[in-house]
Each structure stands twice: as C-alpha cells, then as structure tokens.
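This report describes how two protein chains meet and how a DNA strand is approached by them. The reader is asked to keep the sequence and the model in view.

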Protein chains: 2
Amino acid sequence: MIPLSDRGLEFSHLLIEVFRVNGLLLAAGDELAAPAGLTSARWQVLGVVDHGPTTVAEVARTMGLTRQAVRQTAASLVRDGMVVLQDNPDDRRAKRLALTPRGRSALREVERRQAAWANELAARISLAEIQAVTGTLRDLGDLLEDR
Amino acid sequence: MIPLSDRGLEFSHLLIEVFRVNGLLLAAGDELAAPAGLTSARWQVLGVVDHGPTTVAEVARTMGLTRQAVRQTAASLVRDGMVVLQDNPDDRRAKRLALTPRGRSALREVERRQAAWANELAARISLAEIQAVTGTLRDLGDLLEDR
DNA sequence: CGCAGATTGACAAGTACCTGTCAAAATACG
DNA sequence: CGTATTTTGACAGGTACTTGTCAATCTGCG
C-alpha cells in the first residue's frame, strides 16, 4: 500500500469539498433557472446565443462541451420556442441559433435572479478569500490539465 | 438590471473555476479507474461496500445519492462479477452487496493509483494553501446548504 | 396483536453529458 | 480545377444521475 502523505490526505479533503460545492452550485443554478422554464444547461446555451446568432458547433466550443451535448439542449430550446434556427449563408449545413422574444425574456429573468443571488452570497465571504480560492483552484486546474 | 457587485463578479469567477476543476477531477478519476475496469461511480460504490456488506439504500445514504442511482451502478457491478448479492436475514427485501475477490482486487488497484496521484499533485501545492481553500469551500458549501 | 406509515427494490421516463459513425458541405492545397 | 482533409449536424448507443410510482416488507404505536 502506498500511504497518503499529509498533503495527500488534506488534498483528498479538498476533492470532497470541490465535489460537494459543485453539486450545490448546480442545484442552486437549476433553482434559479426553474421559474423561467429553464435548467442550468439551457440557461448556459441561451447565454451564449444572446451574444448573437451562433451555430451549434460554435456554442459547443465556447462552452467546452461536445457538439452532441449542445445539439440536444438546442433541440429542446427550439421545441419550447426559446430559440429559432436561421439559415446561414456562410455554411448551408450549420443553421444559426437565435433567441426568440420568449427565450430572451426567460434569460433576462434568470440573469436578474442570478445577480441578486451572487451578490448576496459574495457579501458573506471576504473579497481576499474569494480571490485566494479562485487563484488556487485555477492553479490546480492548470496542473490537472497538464496531466 | 441588478448589477453584480465587485465581490459578486469575483464570485462568478470562483464558480467557473469550481466547475472546471470538478470536471477535470472527474476525468482524472475515470482515468485512474479505467485500467481496473471501473469508472468513478463504480469505484465509489466498491469503496463503500469494502467496509462490509451493505444494502443499496445504505450505500445511497452514505454517498448522498438516490437509491436508484446506486441501484443502477450496483447492477452493473453484479453483471461484471465485482459484487454479489447476499441474503439479508434482517430484511428480506434488501439483499446485501458484498465484494467478490475480483471486485476487491480492482478496488485495491485503483486505490494504489489514486494514492500516488494525490501525493504527486499535493506536492505541488503548499499545505497551507490546500487547507485555506478547503476551509473556504467548506464555508461556501455550508452557506449554500442553508439556502 | 393489528394496522398505519415508513422503507425498500424494481420499473419507467427524463436530463445532461459522453463516444463513435455517417454523409453532406466547406476548406485547404497541389 | 479537382481532390484530400476538416467540419458539421444527425443518429445510435452508453453512463450517471434525477423524479415519480408501485407492491412488498418492515416498524412503530395504540
């Protein structure tokens, strides 16, 4: 058995907290999005499309997901009339996703809720602490990305 | 539009890092588990069952998941001969999951890899930093749990 | 003891991701 | 110009979760 070093052990606690906070954040996001008829995934796609009509492949690259994942979410947004497909003169295969008025108002509603929620939570943790955690997590992420 | 406060904005960056690190950790876990014929989910279930034969409902409570999620993972472990179902004299409905020799050796293999991986990563971040991040994330998690 | 209520596993269906494969369309290049 | 390569959306199928429902069984209480 290879034993865990002190740091390794403390590191395991960090992992557990990351998983826990991630789960809680996802749940909070869904709660914020639900009253507008959205989920976290749908909200994120709408957020990207809000910057201008975009193809599925482009949205996927922006979000760091596969085309297939975005395709499914986009299809459900089209079904619900929050997004429409526009012909794309630049590429006959790839239609552009564009917000409908309904999609736009749903997005605005969630953004309003999200801003209030983030401000409220942020008020309870010091700026220095938030920045320190963000920095360390960024380093850890870079480390993980480098294998 | 409710504007994001400075802290609120910095907080948003923190969210993004949590999501990113979470995704990278999940990928790393799957990579660690794959050579042993496991996934992160299967590995976690085996880890709980390693403490002694347990019912699906008990494992679910331990892991903070639903019975249904654990049920599916457990079924796949049974299919692959890593776990067997034992009759439970205390409750005729709820059979106990128990490790087979094959399940045990797969678990040991992943645990060996995981310890080496955690030690290596932990060596690149100071103990103080790890503890600080863990503490802040724990606070944030508690805040989120209180709504 | 007997019954109401809680717990359990099974089943169905849904969300959010993934990989692999395919044909059509766009692009790069000799 | 034409062909090789890349990109794209669609489709199939898989993993890991969720909620809701059901009947069987266990438990607590009057």
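## Charged pairs within each chain

A:R96 is partly exposed, with a relative accessible area of 22%. The model in which this residue is seen is a predicted one. The partner of A:R96 in a salt bridge is A:D90, and their closest N and O atoms lie 3.3 Å apart. A:D90 is exposed, at a relative accessible area of 67%.

Chain B holds a salt bridge between B:D90 and B:R96, with 3.4 Å between the closest N and O atoms. B:D90 counts as exposed at 67% relative accessibility, while B:R96 is partly exposed at 22%.

A further salt bridge joins B:R104 to B:D50, the closest N and O atoms being 3.5 Å apart. B:R104 belongs to helix α5 of chain B and B:D50 to the loop between α2 (40-49) and α3 (56-63) of chain B, so the pair ties together parts that are 54 residues apart in sequence. B:R104 is partly exposed, with a relative accessible area of 38%, and B:D50 is also partly exposed, with 23%. As a general principle, side chains of opposite charge can pair when their charged atoms come close.

The following table lists these salt bridges together with one that joins the two chains.

| Salt bridge | Closest N and O atoms |
|---|---|
| A:R96 and A:D90 | 3.3 Å |
| B:D90 and B:R96 | 3.4 Å |
| B:R104 and B:D50 | 3.5 Å |
| B:R138 and A:E17 | 3.5 Å |

Over all chains, a search of the whole structure finds 26 salt bridges.

## The contact between chain B and chain A

How many residues does each chain bring to the contact? Chain B gives 51 residues and chain A gives 52 residues. Together the two chains bury about 5,400 Å², and 73% of this area is on carbon and sulfur atoms.

Charged and polar pairs also cross the contact. Between chain B and chain A there are 6 salt bridges, and 8 residue pairs are in polar contact, both residues being at pLDDT 80 or more. On the side of chain B that touches chain A, the elements that give two or more residues are α1 (6-33), α5 (101-122) and α6 (127-145) of chain B. The residues of that side divide into 28 nonpolar, 11 polar and 12 charged.

One of the salt bridges between the chains joins the side chains of B:R138 and A:E17, at 3.5 Å from N to O. These two residues also belong to a network of salt bridges that links A:E17, A:R20, B:R138, B:D142 and B:E145.

## The surface near DNA strand D

Which residues come nearest to DNA strand D? Of the 19 residues around the strand, A:R67, A:R93, B:T39, B:T66 and B:R92 do so. Sugar and phosphate make up 56% of the atoms of DNA strand D that come within 4 Å of the protein.

Individual atoms show how the strand is approached. A polar backbone atom of A:V56 is 3.3 Å from a phosphate oxygen of DNA strand D. For A:R71, an N or O atom in the side chain is 3.4 Å from a phosphate oxygen of the strand. In the case of B:R93, a side-chain N or O atom is 3.0 Å from a base oxygen of DNA strand D. The elements that give two or more residues to this surface are α3 (56-63) and α4 (67-79) of chain A together with α4 (67-79) of chain B. By class, the surface has 6 nonpolar, 6 polar and 7 charged residues.

Conventions. Residues are numbered from 1 along each chain as its sequence is written. Chains are lettered from A and ligands numbered from 1 in the order in which they are written. This is a predicted model: local features need pLDDT of at least 70, side-chain atom pairs count only at pLDDT 80 or more; totals for chains, interfaces and linings use all residues. Side-chain values use heavy atoms; hydrogens and water are left out. Contact means heavy atoms within 4.5 Å. Buried area is the accessible area (1.4 Å probe) that two parts lose on being put together, summed over both. A salt bridge is a side-chain nitrogen of Lys or Arg within 4 Å of a carboxyl oxygen of Asp or Glu. A polar contact is a pair of N or O atoms within 3.5 Å; within protein, one must be able to donate a hydrogen and the other to accept it, and residues adjacent in sequence count only if both atoms are side-chain atoms. Helices (H or I, at least four residues) and strands (E, at least two) are DSSP runs, numbered from the N terminus. Ala, Val, Leu, Ile, Met, Phe, Trp, Tyr, Cys and Pro count as nonpolar, Asp, Glu, Lys and Arg as charged, and the others, Gly among them, as polar. A residue is near a molecule or strand if one of its heavy atoms lies within 4 Å of it. Buried means under 20% relative accessible area, exposed over 50%, partly exposed in between (1.4 Å probe, protein chains only).
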